[in-house]
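User: I am new to this structure and would rather understand one part of it well than survey everything. Please choose a single part, look at it closely, and then show me how its surroundings fit together.

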Amino acid sequence: MKKFGNSWDELLSPLFTSEKYLAIREFLKKEYSEQTIYPDMHDIFNCFTLTDYESVKAVILGQDPYHGYGQAHGLCFSVKKGVRQPPSLKNIFTELKSDLSIETGVDGDLTKWAQNGVLLLNTVLTVRESNPNSHKDCGWQWFTDEVIKILNKREKPIVFILWGGNARSKKKFIDTSKHFVIESAHPSPLSSWQGFFGSKPFSKTNELLKSANIEPIDWSL
């Protein structure tokens, strides 16, 4: 069973020992042996390693990992240092600058956000090279839905940032009387002009956190 060295170990133990997860694991063993799969198998659960359950202030939900060489490393929308920023990430950085006047460099590594309390969770955690959404039916949707339900049980408020239809479909798992939800179009070039640009998700998140007496997030990179 995967170990994170934090409170996720106990919280996710029932998932990792379930028949549903064992089926995902068998599927992945075959896929990694026969196909090129992203991210590296050791990076699949990086979001849980970097952001402890107790430390979560906000959750950004992505769809599935980037499917190009060297991009994905277990954090939604993030790419490894030295890798060219994908279009959606460029748009996120454009909105970050517009919203909070934060300048970003050439790197698209969002590890600092994860360390500052932003759980960067894809709803599907693996993908075949050059084949987006190829693992959407292997069981990951069940796994990450359960993660959202676990987060929803927490008494301390969390801001859920839902970009695009896939992420917004998870709103049904969130108790909005206890937690906060920010919704908009996806930052993809296909939809960013339909409500993502100008949505100010970063400042809104911090305002909501402050309203709950929670220290705001440092969004700088």
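Analyst: What follows is a close look at one helix, and then at the parts of the structure around it.

This is a predicted model, in which local features need pLDDT of at least 70 and side-chain atom pairs count only at pLDDT 80 or more, while totals for chains, interfaces and linings use all residues. Residues are numbered from 1 along each chain as its sequence is written, and side-chain values use heavy atoms, with hydrogens and water left out.

The part chosen is α6, which covers residues 140-152; helices (H or I, at least four residues) and strands (E, at least two) are DSSP runs, numbered from the N terminus. The 13 residues of α6 reach 18 Å from the first C-alpha to the last, close to the 18 Å expected at 1.5 Å a residue, where the expected span is 1.5 Å times one less than the number of residues.

Why can α6 be called largely enclosed by the rest of the structure? The reason is that 10 of its 13 residues are buried, a word that here means under 20% relative accessible area, with exposed meaning over 50% and partly exposed in between (1.4 Å probe, protein chains only). The buried residues of α6 are Trp140, Trp142, Phe143, Thr144, Asp145, Val147, Ile148, Ile150, Leu151 and Asn152. Their cover includes the helices α1 (8-16), α2 (19-34) and α3, together with the strands β2, β3 and β5.

α6 also matters to the count of the largest nonpolar core, which has 68 residues, with Phe48, Trp140 and Phe143 making the most contacts inside it. Such a core is a set of buried Ala, Val, Leu, Ile, Met, Phe, Trp, Tyr and Cys residues joined through side-chain atoms within 4.5 Å. The largest share of this core, 7 residues, comes from α6. Phe143 gives a detailed view of the packing: leaving aside residues up to four places away in sequence, Phe143 touches Leu12, Leu15, Phe16, Tyr21, Ile24, Phe45, Phe48 and Leu125, contact being heavy atoms within 4.5 Å.

From the helix, one can move on to the sheet. α6 lies across β2, β3 and β5, and runs at about 155° to β3; axes are lines fitted to C-alpha atoms, for helices over the stretch in contact, and angles run from 0 to 180 degrees between N-to-C directions. The sheet itself is open and has 4 strands, paired in parallel in the order β3-β2-β5-β6. Its edge strands, each pairing on one side only, are β3 (118-122) and β6 (180-184), and the twist averages 20° from one strand to the next.

Within this sheet, β5 pairs in the parallel sense with β2 over 4 bridges and with β6, also in the parallel sense, over 5 bridges, where pairing requires that DSSP finds at least two bridges between the strands. Leu61 stands opposite Leu162 in β5, while Phe160 stands opposite Val181 in β6. How many of the residues of β5 are buried? The count is 5 of 5, so to speak a strand that is mostly covered, and the cover is on both faces: Val159, Ile161 and Trp163 are buried on one side, and Phe160 and Leu162 on the other.

β5 also belongs to the surroundings of another helix, α4, whose buried residues are covered by parts that include α5 (111-115), β5 (159-163) and α8. Those buried residues are Ser88, Leu89, Asn91, Ile92, Phe93, Glu95, Leu96 and Asp99. α4 has 14 residues and reaches 20 Å from its first C-alpha to its last, close to the 20 Å expected at 1.5 Å a residue. In its meeting with α8, the residues Ile92, Glu95, Leu96, Asp99 and Leu100 of α4 touch Pro201, Phe202 and Ser203 of α8. After α4 comes Ser101, which has a positive phi near 60°.

A few backbone details outside these elements are also worth finding. Most residues other than glycine have a negative phi, and most peptide bonds are trans. Phe77, although not a glycine, has a positive phi of about 70°, and is placed in the loop between β2 (58-62) and α4 (87-100), where it is buried at a relative accessible area of 8%. Asn213, likewise not a glycine, has a positive phi of about 60°; this residue is found in the segment after α8 (201-211) and is exposed, with a relative accessible area of 76%. Finally, the peptide bond from Tyr38 to Pro39 is cis, with omega near -5°, and Pro39 is in the loop between β1 (37-38) and α3 (46-50).
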